[in-house]
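Please look over the following model and its sequence. The text after it goes through one pocket, one helix and the cysteines.

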Amino acid sequence: MGNLMTSFNAGVSGLHSAQQSLNVTAHNMANAQTTGYTRQQVMVTDSNYQTSVGLYNNKMQVGTGTWVALTRQVRNVFLDAQYRHQYGRQAFYEANVEAAYELQDMLGELNGEQFSEHINSLKKALASVATSADSLVDKEELVATASRFIQSAQVLQEGLENYQKSLNTEIKKQVDEINDWVSQIQDLNEKIRKYEVTGESANDYRDQRNLLLDKLSHHIACDITEEIDGTVLIYSNCGYLLDEDVQCRLDVEYVSETTKLLKPVWEGTRDNFFVTDSLEYSSDNNTDLGSLKGLLVARGYFSAKYTDVPQVPVEDDYATRLEYNLALDQFQEDLKAYNQSVGASVVMTLQSQLDSLVHGIVTLVNDTLCPNTQVELVNADGTTSKITILDEKNALLGDDENNTVGTELFSRRSRERYTKVEGATYVDADGNTQTGDIYVYLEEDPSDVYTMYTLDQLVMNPTVLRDASTIPSVYNKYQEFPGGYATNELMALANSFNDDVGTLNPNSKTQYNVSNFYDGIVGQLSTTGSVWESVIQNQQTTVNTLEEERQKIMGVSTDEELSNLIKYRQCYNASSRYITTVSQMLEYLIEKLGG
């Protein structure tokens with residue numbers, strides 16, 4: 001009788017297992033098209049065995065049926081981690097390539113004109129003045145052309161700065177989304193723990209959480225650890241976003257009050273969310289993950305200028321080999337800093353290149369019209385100091401009634417080019433001691449933006465705006481043809497636009513002249529965007545491949561589920577027939593025993 005009752009229980013447990021399997025299969029089929037749904041599977045195992053001793057003291061075990069151990073999600077943790085890793089890398093380069101395309105649009109169209117046209121117009125205006133140096137009309141046209149050149153450069157610079165600031169909105173949005181997603185994951189952790197501690201499965205909650213973790217990996221790189229109670233911990237950039245029941249939120253603050261550019265920080269400590277301010281990135285050390293990091297890299301942390309670009313030292317500029325080697329060592333340090341900041345950011349790179357180009361043109365024109373020379377100034381105590389002054393012997397004069405000397409075309413907003421010192425005693429380049437009035441050049445100081453010929457400070461010289469005839473174009477008394485027009489020198493200035501002025505960045509050795517420097521900027525930006533586009537395409541292929549592999553495991557196949565439906569139905573029917581048979585046997589035995 002006991003064995004029959006045990007057999008009866010075995011049939012009932014089989015009935016329950018088949019019913020649970022049918023329910024899960026139907027649930028799978030109902031959610032076959034649900035985004036993020038993970039296929040579920042019933043794990044059935046043997047129930048307890050009844051052990052008895054046989055006639056010859058041999059042990060006999062009788063099964064009591066089956067039981068549902070768990071209803072599990074069919075996922076591969078390794079594939080999940082790889083998918084999120086590659087998805088984050090794709091998002092990083094998408095943020096950068098979007099910035100590159102925005103910048104290309106800025107460069108390609110500026111009030112209907114490309115900036116390169118303003119450079120060419122300036123060159124033509126200089127050539128026109130050279131061929132007709134006595135023409136006030138051509139000089140006024142030069143002033144107007146130079147003014148348009150400066151204005152267009154500053155409009156372009158302002159556009160770049162505004163674009164930098166506009167990314168604040170997207171950075172703030174992504175920080176808020178990260179906080180919101182982590183908060184939702186925290187809530188789901190609590191629900192999963194609550195249900196699974198009772199032995200029930202919380203697979204639908206797990207699906208919601210996995211979807212949020214996929215979204216989170218798009219914005220930031222993070223490590224996911226699942227605890228024994230089913231909850232997950234989220235670790236990112238040397239800190240926990242979610243640690244057990246505690247959420248550490250992110251916030252934003254300005255990099256500095258002058259830039260007004262936002263950066264993500266930990267809400268409590270106000271420490272940078274990203275451990276280092278370096279913008280340098282590499283796939284080798286996984287610093288190219290997440291759209292948030294991509295935005296910060298593309299945007300940069302400040303508006304870059306020509307002074308942020310280190311210049312390769314020229315050995316001939318140094319008196320000794322030791323001085324040259326020291327300068328070379330300093331250049332290597334500066335180059336490293338450049339690559340970690342300006343060189344890594346597409347926006348800052350473009351800003352520094354544009355400012356370098358304009359500074360190069362301004363310096364070229366001003367130094368030709370107002371050449372400088374170095375002398376040893378004799379101080380009151382007899383000591384000497386090296387200073388830079390206007391080279392009056394080689395400087396051209398204006399065609400105005402005063403034959404003005406030292407009139408630059410481009411000026412600094414808050415600083416004159418020269419300051420006059422009367423009755424100075426100095427030793428000139430030929431070693432002769434001279435006494436007289438000199439014009440001391442007010443040097444550019446990289447630590448003081450107001451002293452530099454940078455786009456922020458550039459204006460047209462008010463003197464030439466009032467009277468274009470003050471533009472230097474006449475030989476002085478020290479030159480071969482005093483009072484004559486310096487046609488050759490002015491034409492040489494126009495032709496110098498074809499001379500090499502430098503490289504696009506300190507990592508390159510390709511030299512560009514004034515005329516094609518801007519084309520080089522545009523070309524480099526286009527090439528960089530194309531390279532990133534190729535990276536994105538490769539990443540998309542990798543991400544799609546990983547997603548296909550994930551779906552092979554976690555996705556629902558309706559054909560397979562229909563097959564399972566038939567199988568579990570047969571199991572259910574078999575268990576039913578088994579129970580009916582055992583019931584009939586019990587009924588028969590009871591009738592016989594009763595008779």
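A pocket is an open set of grid points with protein on both sides within 12 Å along at least five of seven lines, and its lining residues have an atom within 4 Å of a point. Rolling a probe the size of a water molecule over the atoms shows where empty space is left. The structure shown here is a predicted model.

Begin with the second largest pocket, which holds about 720 Å³ of space. Its lining is made up of 28 residues. Those that lie nearest the centre of the pocket are Q311, S356, V501, G502 and T503. Three elements give two or more residues to this lining: α8 (346-369), β17 (500-502) and α11 (514-554). The largest share is that of α8, with 9 residues. Sorted by class, the lining of the second largest pocket has 14 nonpolar residues, 13 polar ones and 1 charged one.

Now follow α11, one of the elements just named. This helix has 41 residues. From its first C-alpha to its last it reaches 59 Å, close to the 60 Å expected at 1.5 Å a residue. The N-terminal end of α11 is capped by N513. Here a side-chain oxygen of N513 lies 3.0 Å from the backbone nitrogen of S515.

Turn last to the cysteines. A disulfide is a pair of cysteine sulfur atoms within 2.5 Å, and by this rule the count is 0 disulfides. Take C222: the nearest cysteine sulfur, that of C238, is 14 Å away, and C222 is in no disulfide. Another cysteine, C571, is partly exposed, with a relative accessible area of 37%.

Key
Residues numbered from 1 in each chain as written. Predicted model: local features only at pLDDT ≥ 70, side-chain atom pairs only at ≥ 80, totals over all residues. Heavy atoms only, no water. 1 Å grid on protein atoms, 1.4 Å probe; cavity = no way out; pocket = protein on both sides within 12 Å on 5 of 7 lines; lining within 4 Å. Points joined across faces, edges and corners; volume = space filled by probe spheres on them. Helix = DSSP H or I, 4+ residues; strand = E, 2+ residues; numbered from the N terminus. Nonpolar A, V, L, I, M, F, W, Y, C, P; charged D, E, K, R; others polar. Expected span 1.5 Å × (residues − 1). Polar contact = N/O pair within 3.5 Å; in protein donor to acceptor, adjacent residues only side chain to side chain. Buried < 20%, exposed > 50% of the residue type's maximum accessible area, 1.4 Å probe, protein only.
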